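Okay, thanks for coming, everyone. I've got one structure to walk you through today, so let me put it up on the screen.

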Amino acid sequence: MNAKEEIKKLREEIEYHIDRYYNQDEPEITDYEYDMMMNRLKKLEADNPGLVTPDSPTQRVGGKASKKGLKPVKHNMPMLSLRDVFSKEEVISFVKDMENALENPEFVVEYKIDGLSMSLRYDNGKLIMAETRGDGIEFGEDVTANALMIDDVVSQLKDPFEYFEIRGEVYMTNESFDAVNKKQELMGKKLFANPRNCAAGSLRQLDPQIVKERNLSLFIFNLQEARGREFTTHTECYDYMKSQGIKVIDNYKVCKNADEVWQAICDIGEKRGELGYDIDGAVVKINNYAQRSMLGSTAKVPKWAVAYKYPPEEKETTLLDVELSVGRTGRINPTAVFTPIRLCGTTVSRATMHNQDFIDELDIGIGDTIVVYKSGEIIPKIKEVVKSKRPSGTKTYRIPDTCPVCGAPTHREKDSSNIVCTSLSCPAQLENHLINFVGRDAMDIKGFGAAYIIDL
Ligand SMILES: [Zn+2]
C-alpha cells in the first residue's frame, strides 16, 4: 500500500471511530488504539504535505453534529482539545519550549479525567447554561436541564460577579458505574462498556430523571472566561472556585521545572488505579493566564498545555476454560478462567463473561488469546480477543443448552440476555433458595449452615 492509499484508509477508519465515540457513545477501540491510528496518519501527512486536505480528521477538533433532540448552542468560547504526548522526551521538550518562550513559567500537573467535557456559564452568579463540547469550535449541545441533576453542579455562586464561564469533565465513579451496570444486568439490559461511555450516554439523555439515577459527577479543570473579576493564575481561580463549593480536579500540583513535572506525572501514574474513578492521562499546563494568552492556540489546541497519555494497564492471556454457575433465579453465569496474569499489583485468573451476547460480540472461544484490563477498577474485565493469535478450529463459546447442574434444558428469557435453567427443582436453585432461607437472621437455625446444605 502506498502512502496515498494508507492515508485514505486511515481517514476512513478514523472517521468511523470518531462517529462511534462522539455520536454513538459506543467506541469499538481503546483511546490508545485510536491515538496510535491518529499518530500514524499525522506522520504520513507530515511526510507527504501535498496529501493534507482540510477535511482530514487531523485538521478538526472533535465530534460532529449534535444528537437528535438536544438543542445546539453556539459556543461563547471554543472548547479545544489538547495535544497528546506519549513519552518522557515529549514532556521534557514541551517544558523546555515553555521555558524558552516565557519568563519563569510555572506548571500545573493534574489528572485528565476520562469523561465528557462540559462548560458552565454563570450570569451574575446564576447558572444559565451547560453545554457539551460538540464540534469544539462552533456548536455544542444544551444540556442545562441534565446538568442540574448532577450534585457537583453548583447552580448559584455565593460571591457572584458579572460573567463566569468554566469547563469541566462529567464522569462517573467506579462505584456508581458498577451500580448502574448491576441494575442493567438484573433487568437483562445492555451493559455499558466503561464509566466514560455511561457518563457520556447519560449526560446526553433526553430525560433528566435518568441523569439523576445514574449519579454522575463533575470536576472543573479550566476557566474559560471571567468578566467583572480578575484572576492571575489557574490555581488562584481554583481557590475561588473551591470557596464557591465548586469541585475542581483533585490533587493538582504546581511544578517549577521539567524534573518536577515528570515526577508529578509518574506519581499520578502509580496511583491511577486507586482513585475510584478513571483518568486517561495527566495534563501539564501553564499556570499564569497572561503567559497563556501570549502563547495562544493553534486552530485545534492551546500551545500552553499538553496531555500525557499513560499506556493502558492490560495484558494478554489465554482463555483456558469457561466455568458455569447457576444463580438463585436459575440464571447461568459464565466465568472466564485464564492463565494467571498480574494487573495493578494483583494476580487475576478469572473474569465474568456476562452472557451470550457479550461472548458473541467479542467472539470469544476457549483457547483464544484475550486482552484483560483493569481500568482503575478492582474487577478484571475482558476487553477483546486477539484474532491474529486464534488457534485454528477455535469456535465461539456457547452456553450449553442443558443446565450444568441438573441437566434440564436451558432457555433464553424473553427480551433479555439471560439464559436460565428451566427446571423448577434444579438443585442449584433449590440449594440457593435454602441458603437464602436459612441465612436470613429471623430464620437462623443453629448448625444448619451452607456447608451442610451442600452436603445433602
Ligand atoms: Zn438446573
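So, the chain has 456 residues, and 48% of them count as buried. Keep in mind that this is a predicted model. In terms of secondary structure, we're looking at 13 helices and 18 strands. And if you take contacts between residues at least 6 apart in sequence, 70% of those join residues at least 24 apart. As for the outside, the accessible surface comes to about 22700 Å², with 52% of that belonging to carbon and sulfur atoms.

Let's go to the metal. Which residues coordinate the zinc ion? It's four cysteines through their SG atoms: Cys403, Cys406, Cys421 and Cys426, at 2.2 to 2.4 Å. The angles among the 4 donor atoms run from 99 to 119°, and the site is tetrahedral. If you like reading motifs off the sequence, the donor spacing is C-x2-C-x14-C-x4-C. Now, Cys406 sits in the loop between strand 16 (381–385) and strand 17 (410–412), while Cys421 is in strand 18 (residues 419–421), so that pair ties together parts that are 15 residues apart in sequence. Is each of these two buried or exposed? Cys421, at 6% relative accessibility, counts as buried. Cys406 is at 29%, so we call that one partly exposed.

Next, helix 3, residues 88–101. Here's a quick sanity check: 14 residues at 1.5 Å a residue should span 20 Å, and the end C-alpha atoms are indeed 20 Å apart, so that agrees. Which residues of helix 3 are buried? Val91, Phe94, Val95 and Met98. They cover an arc of only 95° around the axis, which means they're on the same side of helix 3. Flip to the face turned away from that buried side and you find the exposed residues Glu89 and Asn100. What covers the buried residues includes strand 2 (83–85), strand 3 (107–113), helix 9 (258–271), strand 10 (279–286), helix 10 (289–295) and strand 11 (305–308).

Last stop, helix 8, residues 234–243. The buried residues there are His234, Thr235, Cys237, Tyr238, Tyr240 and Met241. They pack against strand 3, strand 7 (163–171), strand 8 (217–227), strand 9 (253–255), strand 10 and helix 10. You'll recognise some of those names: strand 3, strand 10 and helix 10 also came up as cover for helix 3. And just after helix 8, have a look at Gly245, which takes a positive phi of about 80°.

That's my tour, over to you for questions.

Methods
Residues are numbered from 1 along each chain as its sequence is written. This is a predicted model: local features need pLDDT of at least 70, side-chain atom pairs count only at pLDDT 80 or more; totals for chains, interfaces and linings use all residues. Side-chain values use heavy atoms; hydrogens and water are left out. Donors are N, O and S atoms within 2.8 Å of the metal (3.2 Å for Na, K and Ca); water is not among the atoms, so sites may look incomplete. Four donors count as tetrahedral if all angles lie between 85 and 135 degrees; four count as square planar and six as octahedral if opposite donors are over 155 degrees apart and all others between 65 and 115; anything else is irregular. Helices (H or I, at least four residues) and strands (E, at least two) are DSSP runs, numbered from the N terminus. Buried means under 20% relative accessible area, exposed over 50%, partly exposed in between (1.4 Å probe, protein chains only). The expected span of a helix is 1.5 Å times one less than its number of residues. The arc is that of the directions from the helix axis to the C-beta atoms. Contact means heavy atoms within 4.5 Å. Accessible areas come from the Shrake-Rupley method with a 1.4 Å probe; for residues, only the protein chains shown count as cover.
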